[in-house]
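Dear colleague,

I am handing over the structure below, and after it I set out what was found. Please read the notes with the structure open beside them.

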Amino acid sequence: MTKEKFLQYCKFCNTYRTKKYIVAQRIGWVTDNNVGNYTLGIDYRFRRTPELDAIYDEYFAVRQNPEGIRLRMDETIVKNMN
């Protein structure tokens, strides 16, 4: 189950690795009448295992930066939503 979910998220999300996790970052654009337009990201974390690391290495073999990068979101908007 985890392998299938992982592959699905890799296809449609920004994916990168940290020391303990492989993170799929889903990015969206939100239009709000009060705040305006902003980007919002949802993270899906998969604990790194030898199997998932091998899949990641194969899937992203052509990347210049194999570890990937986290895309910045509008953090000030999220803080003000409380």
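In this predicted model, strands β1 and β2 run antiparallel to each other and pair over four bridges, with a hairpin of three residues leading from β1 to β2. Within this pairing, arginine 17 has isoleucine 22 of β2 as its bridge partner.

Strand β1, residues 14-17, is covered on both of its faces, since Asn14 and Tyr16 on one side are buried, as are Thr15 and Arg17 on the other. In a regular strand, side chains alternate between the two faces of the sheet.

Ile22 also belongs to the largest nonpolar core, which has 10 residues in all: Phe6, Cys10, Cys13, Ile22, Ala24, Phe46, Leu52, Ile55, Tyr56 and Phe60. At least two residues of this core come from each of α1 (2-12), β2 (21-32) and α2, and α2 gives the largest share, with three residues.

Tyrosine 56, one of the core residues, is in contact with Phe6 and Ile22, with Thr15, Tyr16 and Arg17, and with Arg63, Pro66, Glu67 and Gly68, when its neighbours within four places in sequence are left aside.

On the surface, Ile27, Ile69 and Leu71 make a nonpolar patch of about 250 Å². Isoleucine 69 is located in the loop that lies between α2 (50-59) and α3 (75-80), and it counts as exposed because its relative accessibility is 51%, the cut-off being over 50%.

With best regards

Definitions and conventions:
Residues numbered from 1 in each chain as written. Predicted model: local features only at pLDDT ≥ 70, side-chain atom pairs only at ≥ 80, totals over all residues. Heavy atoms only, no water. Patch = residues over 30% accessible without salt bridge, like charges linked within 9 Å, V, L, I, M, F, W, Y side chains within 5 Å. Areas by Shrake-Rupley, 256 points an atom, 1.4 Å probe, with all protein chains shown as cover. Salt bridge = Lys/Arg side-chain N within 4 Å of Asp/Glu carboxyl O. Buried < 20%, exposed > 50% of the residue type's maximum accessible area, 1.4 Å probe, protein only. Core = buried A, V, L, I, M, F, W, Y, C linked by side-chain atoms within 4.5 Å. Contact = heavy atoms within 4.5 Å. Pairing = 2+ DSSP bridges.
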